[in-house]
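Colleague: I'm new to reading protein models. Could you choose a single part of this one and take me through it closely, step by step?

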Amino acid sequence: MSGLRVADLGAAYGQAAALDGISLTAAPGEVVALLGRNGAGKSTTLKAVIGLVRVTAGTIALDGAAIGRLAPHERARLGVGYVPEERRIFAELTVAENLEVGRQPPRAGAPAWDEARIWRLFPPLAELRRRAGGRLSGGEQQMLAVARTLMGNPRLLLLDEPSEGIAPILVAAMAEAVRSLRAEGLTILLSEQNLRFAARVADRAYVLSQGRIAAEGAMAELLADRDALGRHLSTGP
Ligand code: ATP
């Protein structure tokens with residue numbers, strides 16, 4: 001199967017289990033959201049796919065090839081792009097220099113990125129190309145973090161909370177960018193607390209609760225069952 005296939009995934013921090021039997025798929029040209037309250041396991045699922053947490057069970061395949069035992073940099077080389085929640089852009093480098101850091105050779109079966117295409121995807125960044133990363137707003141930094149990862153020409157893009165802490169106008173631009181990446185055939189798996197953002201971009205979603213999948217389905221169907229969704233997403237008891 002092309003795209004991402006995760007089966008029966010378990011993961012742990014030390015002795016503490018964080019994921020227990022997560023199975024999910026994401027196809028090329030599909031945006032899949034991981035929903036759930038704080039601590040449900042969304043970030044851990046993304047970290048397991050790129051290889052940053054200890055996986056205790058299960059398999060991870062990208063376009064049919066098992067990647068679950070590879071080091072993170074080997075997965076990146078095979079086309080897994082990961083944008084962490086904390087963004088990790090280089091504050092001292094300019095926007096253009098940050099993009100250069102992410103540049104990788106073109107890869108068969110994935111769109112090839114250069115600066116000109118990045119400016120078309122994120123017009124606000126084009127005007128800031130000579131500005132230091134540390135002087136960007138939260139939303140501009142988030143765009144830059146996604147843009148830098150795209151310069152690696154990924155087939156699979158993992159986005160941890162792409163709409164978090166960014167101004168509403170840039171949330172709209174981010175949603176627009178995610179939709180155009182989907183149109184290019186990227187496989188996109190993102191974690192999201194912001195249901196409105198997820199509703200705008202996601203085709204399907206998995207609702208996580210305590211390291212397990214509590215619900216899954218087409219985003220529109222999940223949204224139609226607000227009661228069930230609310231039970232898993234509300235932060236209060
Ligand atoms: P959030 O939006 O708060 O990040 P999340 O759904 O992404 O929530 P995770 O960060 O994946 O949740 O956390 C899943 C579980 O793993 C939680 O119980 C959390 O406390 C635990 N956990 C996460 N990171 C670590 C870590 N570095 N060390 C130990 N436990 C961790």
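Modeller: Happily! We need one cut-off before we start: a residue counts as exposed when its relative accessible area is over 50%, as buried when that value is under 20%, and as partly exposed in between. Gln210 has a relative accessible area of 71%, so Gln210 is exposed. Please keep in mind that this is a predicted model.

Gln210 makes a handy starting point for the part I have chosen, a sheet and its surroundings. You will find Gln210 in the loop between strand E9 (204–209) and strand E10 (212–218). What is the phi of Gln210? The angle is about 50 degrees, a positive value, although Gln210 is not a glycine. That deserves a second glance because most residues other than glycine have a negative phi.

Now follow the two strands on either side of that loop. E9 and E10 run antiparallel and are joined by six bridges. To see how they line up, find Arg204, which stands opposite Ala218 in E10.

Zoom out a little and the whole sheet comes into view. In what order do the six strands of this open sheet stand? They follow the order E6-E7-E8-E3-E9-E10, with mixed pairing. E10 stands at one edge and E6 at the other; each has a single partner strand, so one side of each is left without a neighbour in the sheet. From one strand to the next, the twist averages 15 degrees.

Which strands of the sheet does helix H6 touch? H6 packs on the sheet against E6 and strand E7 (156–160), and its direction makes about 165 degrees with that of E6. Helix H7 packs on the sheet too, touching strand E3 (30–35), E7 and E8. The direction of H7 makes about 150 degrees with that of E8.

Let's go back to the edge strand E6 and step off it. The loop between strand E6 (80–83) and H3 holds Arg87. Like Gln210 before it, Arg87 is not a glycine and yet has a positive phi, here near 70 degrees. Is Arg87 buried or exposed? Its relative accessible area is 14%, so Arg87 counts as buried. Turn next to Glu86, which forms a salt bridge with Arg88; their closest N and O atoms are 2.6 Å apart. Glu86 is partly exposed, with a relative accessible area of 48%.

That brings us to helix H3 and its meeting with H6. Two packed helices are described by the angle between their axes and the distance between the axes. How do the axes of H3 (residues 95–102) and H6 (residues 138–150) cross? They come within 7 Å, at roughly 35 degrees, and the crossing is right-handed. On the H3 side, Val95, Asn98, Leu99 and Gly102 take part, and they meet Leu144, Ala147 and Arg148 in H6. Sorted by class, this contact has four nonpolar, two polar and one charged residues.

Val95 deserves a closer look. With 0% relative accessibility, Val95 counts as buried. Leaving aside residues up to four places away in sequence, Val95 touches Trp119, Leu125, Leu128, Arg129, Arg131, Leu136 and Leu144. For a sense of distance, the C-alpha atoms of Val95 and Phe122 are 12 Å apart in space, while the two residues are 27 places apart in sequence.

Let's finish with charged partners. Side chains of opposite charge can pair when their charged atoms come close. How many salt bridges does the structure hold? There are seven, and the pair of Glu86 and Arg88 that we met above is one of them. Another joins Glu100 and Arg103, 2.8 Å from N to O. Glu100 is partly exposed at 39% relative accessible area, and Arg103 is partly exposed at 39% as well.

In a further salt bridge, Arg117 pairs with Glu184, and their closest N and O atoms are 2.6 Å apart. Arg117 lies in helix H4 (residues 115–121), whereas Glu184 lies in the loop between helix H7 (168–183) and strand E8 (187–191), so the pair ties together parts that are 67 residues apart in sequence. Are the two partners buried or exposed? Arg117 counts as buried at 19%, while Glu184, at 39%, counts as partly exposed.

Notes. Residues are numbered from 1 along each chain as its sequence is written. This is a predicted model: local features need pLDDT of at least 70, side-chain atom pairs count only at pLDDT 80 or more; totals for chains, interfaces and linings use all residues. Side-chain values use heavy atoms; hydrogens and water are left out. Axes are lines fitted to C-alpha atoms, for helices over the stretch in contact, and angles run from 0 to 180 degrees between N-to-C directions. Helices (H or I, at least four residues) and strands (E, at least two) are DSSP runs, numbered from the N terminus. A crossing is left-handed if the near helix is turned anticlockwise from the far one by less than a right angle, and right-handed if clockwise. Contact means heavy atoms within 4.5 Å. Ala, Val, Leu, Ile, Met, Phe, Trp, Tyr, Cys and Pro count as nonpolar, Asp, Glu, Lys and Arg as charged, and the others, Gly among them, as polar. A salt bridge is a side-chain nitrogen of Lys or Arg within 4 Å of a carboxyl oxygen of Asp or Glu. Buried means under 20% relative accessible area, exposed over 50%, partly exposed in between (1.4 Å probe, protein chains only). Two strands pair if DSSP finds at least two bridges between them.
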